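I sat down with this one over coffee and wrote down what I looked up, in the order I looked. Open the structure alongside and follow along.

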Amino acid sequence: MTRWRRLERAELTVLLSGLGLCAVLFLFIRLASEVMEGDTQAIDVQIIRTLRSVADPARPIGPAWVEGALLDITALGSPVVLGLIVLIITGYLLLEARYVTAAIVLASSISGEILNELLKLFFERPRPSVVPHLRAVVTASFPSGHAMESAIIYLTLGALLMRVVAGRITKIYCMGMAILLTLLVGVSRVFLGVHYPSDVLGGWMLGFVWAAITLLVTRRFERTVDREREHAE
């Protein structure tokens, strides 16, 4: 009976998670629609201008060292840094003989990057031009690749760490740091003038959905493997 109750709770969790993901996807579609119609342009431009010095629009607000700090932070969401993190995570999972999880994490990161590039080509939103860019960019603006990919990688990593560490406080710390890194990367893109806030918000939404799907698929495969091991024993 206890086993069946656990299975019922697991299925209920999957259903509720699915509803949550559908809600986030719906919000993304609404946001994308408003972006394409230009409804977010006014507030986007206002926020970007607010984050720049009135005397010199080429400088972010705050002390002079802020620009250097933002450039360092935004690198945490770059393809090179995130690619290295994915390889490190994949290597660890392979050493732990968690081959399915390693494959899912790797496939999730690669497919997320491909999806982001396809969406950029579809929406073709120009980069902000109201302030000078503090970072060189060549692709379209919506959705933010840095925001989306950092959400996928860091949230997935935080969730995986939560499953192996002991203690509620430690688990909260792992996910809290993952969320913090994701937020910092997204905010840095707006400060640097290379993305509108709506670009970053859209990237966060899709990144969350992709990370959640990755974790749901991982849990499903791992439970299947565990059940097969139990039957084999």
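**Entry 1: the inside of H3.** I am working with a predicted model, and I began with helix H3. I asked what the buried residues of H3 pack against, and found helix H6 (145–164) and helix H7 (168–191). Then I looked up which residues these are: Val66, Leu70 and Thr74 are buried in H3, which spans residues 66–74. They share one side of H3, because they cover an arc of only 65° around the axis. That fits what I know of helices: an α-helix has 3.6 residues a turn, so residues three or four places apart point the same way.

**Entry 2: the partners, H6 and H7.** Next I checked how H6 and H7 sit against each other. Their axes are 8 Å apart, and the packing angle is about 175°. H6 is therefore roughly antiparallel to H7, as angles over 145 degrees count that way. I listed the residues that meet: on the H6 side they include His146, Ser150, Tyr154 and Gly158, and on the H7 side they include Cys174, Ala178, Thr182 and Arg189.

**Entry 3: stepping back.** I then scanned the whole chain. I counted eight helices and zero strands. Of its 233 residues, 39% count as buried. Among contacts with a separation of 6 or more, 76% are between residues 24 or more positions apart. The accessible surface is about 13,100 Å², and carbon and sulfur atoms hold 70% of it.

**Entry 4: an arginine in a loop.** Is Arg125 buried or exposed? Arg125 sits in the loop between helix H5 (99–123) and H6, and I found it buried, at 6% relative accessible area. I looked for side-chain partners. One polar contact runs from Arg125 to the side chain of Gln41, at 3.1 Å, and another joins Arg125 to the side chain of Ser198, at 2.7 Å. Beyond its neighbours within four places in sequence, Arg125 also has contacts that include Val35, Asp44, Phe142 and Tyr196.

**Entry 5: Val194.** I moved on to the loop between H7 and helix H8 (197–232), where Val194 lies. Val194 counts as buried, because its relative accessibility is 0% and the cut-off is under 20%. Its C-alpha atom is 6.9 Å from that of Arg135, though 59 residues separate the two along the chain. Leaving out residues up to four places away in sequence, Val194 touches Arg127, Pro128 and His133, among others.

**Entry 6: Gly18.** I found Gly18 in helix H1 (residues 2–37), partly exposed at 24% relative accessible area. The C-alpha atoms of Gly18 and Ala212 are 9.2 Å apart, with their positions 194 residues apart along the chain.

**Entry 7: backbone oddities.** I finished with the backbone. Most residues other than glycine have a negative phi, and most peptide bonds are trans. Where did I find a cis peptide bond? It joins Phe142 and Pro143, with omega about -10°, and Pro143 is in the loop between H5 and H6. Glu124 is in the loop between H5 and H6 as well; its phi is positive, about 50°, and Glu124 is exposed at 56% relative accessible area. Ala97 also has a positive phi, about 65°. I placed Ala97 in the loop between helix H4 (79–95) and H5, partly exposed at 40% relative accessibility.

Notes. Residues numbered from 1 in each chain as written. Predicted model: local features only at pLDDT ≥ 70, side-chain atom pairs only at ≥ 80, totals over all residues. Heavy atoms only, no water. Helix = DSSP H or I, 4+ residues; strand = E, 2+ residues; numbered from the N terminus. Buried < 20%, exposed > 50% of the residue type's maximum accessible area, 1.4 Å probe, protein only. Contact = heavy atoms within 4.5 Å. Areas by Shrake-Rupley, 256 points an atom, 1.4 Å probe, with all protein chains shown as cover. Arc of directions from axis to C-beta. Polar contact = N/O pair within 3.5 Å; in protein donor to acceptor, adjacent residues only side chain to side chain. Axes fitted to C-alpha atoms, helices over the stretch in contact; angles between N-to-C directions. Parallel < 35°, antiparallel > 145°, perpendicular 65-115°, else oblique.
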